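Please open the structure in your viewer and keep the selection tool at hand. The tour below goes from one selection to the next and says what is to be found at each stop.

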Protein chains: 2
Amino acid sequence: MPMSEFEQTKRNRVTRLPERAKYDEHTIFGIIDEALICHIGFVVDGKPFVIPSIHARDGNRLLLHGSSASRMLKHFKEGHDLCVTITLLDGLVLARSVFHHSMNYRSVVLFGNGRIVEERDQKMHGLKVLTEHLVPGRWEDARLPSEQELNATTLISMSIDEGTAKIRTGHPGDDDADYDLPVWAGVIPMRQQTLPPIDDERLTEGIAVPDYVVNYSR
Amino acid sequence: MPMSEFEQTKRNRVTRLPERAKYDEHTIFGIIDEALICHIGFVVDGKPFVIPSIHARDGNRLLLHGSSASRMLKHFKEGHDLCVTITLLDGLVLARSVFHHSMNYRSVVLFGNGRIVEERDQKMHGLKVLTEHLVPGRWEDARLPSEQELNATTLISMSIDEGTAKIRTGHPGDDDADYDLPVWAGVIPMRQQTLPPIDDERLTEGIAVPDYVVNYSR
């Protein structure tokens with residue numbers, strides 16, 4: 001039994017393949033924390049927009065940020081509804097029949113409203129959480145934001161209280177009659193791969209790649 | 001000069017960092033074709049929803065599909081506005097300052113309306129395009145959809161005529177004064193990695209992994 005479980009509402013309840021749905025915090029937080037990007041959905045003049053973005057989780061809040069000049073961020077400030085979806089692709093599932101082809105994946109769909117973080121120390125804390133989500137160890141090493149840079153950044157916080165995870169794992173599921181077909185079936189696993197770091201072309205001579213970059217992995 | 005360029009409209013024009021924006025067909029189609037998943041945004045009762053999905057491109061049309069029982073697909077059938085966003089993550093960009101940290105990525109945002117593909121042969125063709133997008137060579141090998149399976153599948157086609165690509169590549173861009181800081185800067189490249197295929201646990205003995213799976217890559 002999960003420690004904490006989100007309430008199932010009309011909006012977050014999974015109606016298609018409900019056996020793939022998870023509502024517990026541990027599962028949902030794990031997917032949010034592993035992913036490097038999210039897709040933010042919002043509505044302007046009745047029309048849908050979906051924008052890729054960096055995110056991070058601070059307790060039960062999702063943090064998003066961007067330039068204070070951003071059209072999207074201005075919209076979030078006004079407290080409009082957001083849907084933030086995060087997807088990790090784990091593999092291609094090749095069934096014997098075309099019909100049962102699928103993907104192994106872990107996804108989270110979150111619904112909420114953004115609120116702007118104005119207070120200076122909270123804003124600095126939020127930027128630290130975002131930076132450390134991206135590359136743990138980086139905050140202590142890089143030059144921290146100046147007051148001017150803080151002002152040029154908008155930080156949005158969204159409470160994670162209505163969410164669903166959907167997960168598919170494992171082998172294909174074929175119709176019984178198809179298991180005898182002379183067709184290969186199985187999974188092509190996939191993952192996000194980190195390649196060796198590339199020095200900036202203007203890097204000062206003698207600065208080594210830090211351990212947290214050398215050992216980087218998700 | 002690109003062969004064909006989408007018109008810039010109020011909706012697709014990139015206002016933030018417009019130097020990253022591309023409107024040409026070659027760039028947009030290339031990103032669509034490389035990606036394995038997209039994120040579909042739509043509006044229900046004024047609220048945004050974003051769902052991950054498989055997609056494929058057939059000429060200048062984007063194909064989406066799903067179960068005929070799907071709540072989402074029913075909504076698409078009715079011709080509502082869609083925003084389909086596709087994002088490929090290419091690397092983490094570590095600047096000397098926290099402020100200039102970024103990602104290298106290629107993304108496409110498409111706006112349109114879905115129309116349902118009803119005609120049997122067009123539907124079969126669309127499923128072939130989707131299957132071959134996922135794993136080229138698979139359609140000739142797997143069991144093709146039965147009439148019952150065709151009926152259980154909804155295929156949606158969306159014209160790709162309003163789209164934008166946004167691309168960031170290369171090294172970090174720091175403030176001039178920061179280049180002397182004793183901080184490592186550079187890029188951690190990322191890519192989608194394919195791992196060796198895993199046989200289905202119920203695979204009939206003697207069926208070899210086909211070449212198009214052994215040699216699979218994006």
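Which residue in β5(A) is the bridge partner of A:D58? Select A:D58 and look across to β5(A), where the partner is A:R61. Please keep in mind throughout that this is a predicted model.

**The hairpin and its strands**

Widen the selection to strand β4 (residues 55-58) of chain A together with β5(A), and you have two strands that run antiparallel and are joined by 4 bridges. The hairpin that they form has 2 residues between the strands, and A:G59 takes a positive phi near 65° there.

Now keep β5(A), residues 61-67, and add strand β8 of chain A, residues 153-159. These two also run antiparallel, and 7 bridges join them; to see a facing pair, select A:L63, which stands opposite A:S157 in β8(A). Is β5(A) mostly enclosed or open? Of its 7 residues, 5 are buried, so the strand is largely enclosed by the rest of the structure.

**A helix with one buried face**

Next select helix α1 of chain A, residues 25-34, and colour its buried residues, which are A:T27, A:I28, A:I31 and A:I32. Seen down the axis of α1(A), these buried residues fall within an arc of 130°, so they line one face of the helix. An α-helix has 3.6 residues a turn, so residues three or four places apart point the same way. Turn the view to the face of α1(A) that is directed away from the buried side, and you will find the exposed residues A:H26 and A:E34. If you then show what covers the buried residues of α1(A), the elements include β4, β5, β6 and β7 of chain A, as well as β1 (21-22) and β9 (163-168) of that chain.

**Chain A as a whole**

Step back and show the whole of chain A, which has 5 helices and 11 strands. Its C-alpha trace spans about 65 × 50 × 35 Å along its principal axes, and 39% of its 218 residues count as buried. Among the contacts in chain A between residues at least 6 apart in sequence, 72% join residues at least 24 apart.

**Two copies and their axis**

Bring chain B into view beside chain A. A rotation of 180°, with 0.0 Å of shift along its axis, superposes chain A on chain B with an RMSD of 0.0 Å. The two copies are thus related as by a two-fold rotation axis. To find where chain A comes nearest to that axis, select A:Q192, whose C-alpha is the nearest one in the chain, 2.4 Å from the axis.

**Where the chains meet**

Colour the residues that touch across the two chains: 83 residues of chain A are in contact with 83 residues of chain B. On the side of chain A that touches chain B, the elements giving two or more residues include β2 (38-44), β6 (81-94), β7 (102-116) and α3 (120-134) of chain A. The largest share, 9 residues, comes from β10(A). By type, the residues of this side divide into 49 nonpolar, 18 polar and 16 charged. Because 100% of the interface residues of chain A are also interface residues in chain B, the copies meet through the same surface.

One place to zoom in is β11(A), which pairs in the antiparallel sense with strand β9 of chain B (residues 186-194) over 2 bridges. Within this pairing, A:I198 stands opposite B:V187 in β9(B).

Another is B:P52, found in strand β3 of chain B, residues 47-58. With 21 C-beta neighbours inside 10 Å, B:P52 counts as buried. Leaving aside neighbours within four places in sequence, its contacts are with A:T85, A:T87, A:Y105 and A:S107 in chain A, and with B:I37 and B:H39 in chain B.

**The nonpolar core**

Finally, select A:V84 and B:V84. Of the 108 residues in the largest nonpolar core, these two touch the most other members. Which residues does B:V84 touch, not counting those up to four places away in sequence? Show B:C38, B:I40, B:L62, B:L110 and B:M158, and you have them in view around B:V84.

Notes
Residues are numbered from 1 along each chain as its sequence is written. Chains are lettered from A and ligands numbered from 1 in the order in which they are written. This is a predicted model: local features need pLDDT of at least 70, side-chain atom pairs count only at pLDDT 80 or more; totals for chains, interfaces and linings use all residues. A nonpolar core is a set of buried Ala, Val, Leu, Ile, Met, Phe, Trp, Tyr and Cys residues joined through C-beta atoms within 7 Å. A residue is buried if 20 or more other C-beta atoms lie within 10 Å of its own, exposed if 12 or fewer, and partly exposed in between; C-beta atoms are placed from the backbone. Two residues are in contact if their C-beta atoms, placed from the backbone, lie within 7 Å. Copies are superposed by least squares on the C-alpha atoms of residues with pLDDT of at least 70 in both. Two strands pair if DSSP finds at least two bridges between them. Ala, Val, Leu, Ile, Met, Phe, Trp, Tyr, Cys and Pro count as nonpolar, Asp, Glu, Lys and Arg as charged, and the others, Gly among them, as polar. The arc is that of the directions from the helix axis to the C-beta atoms.
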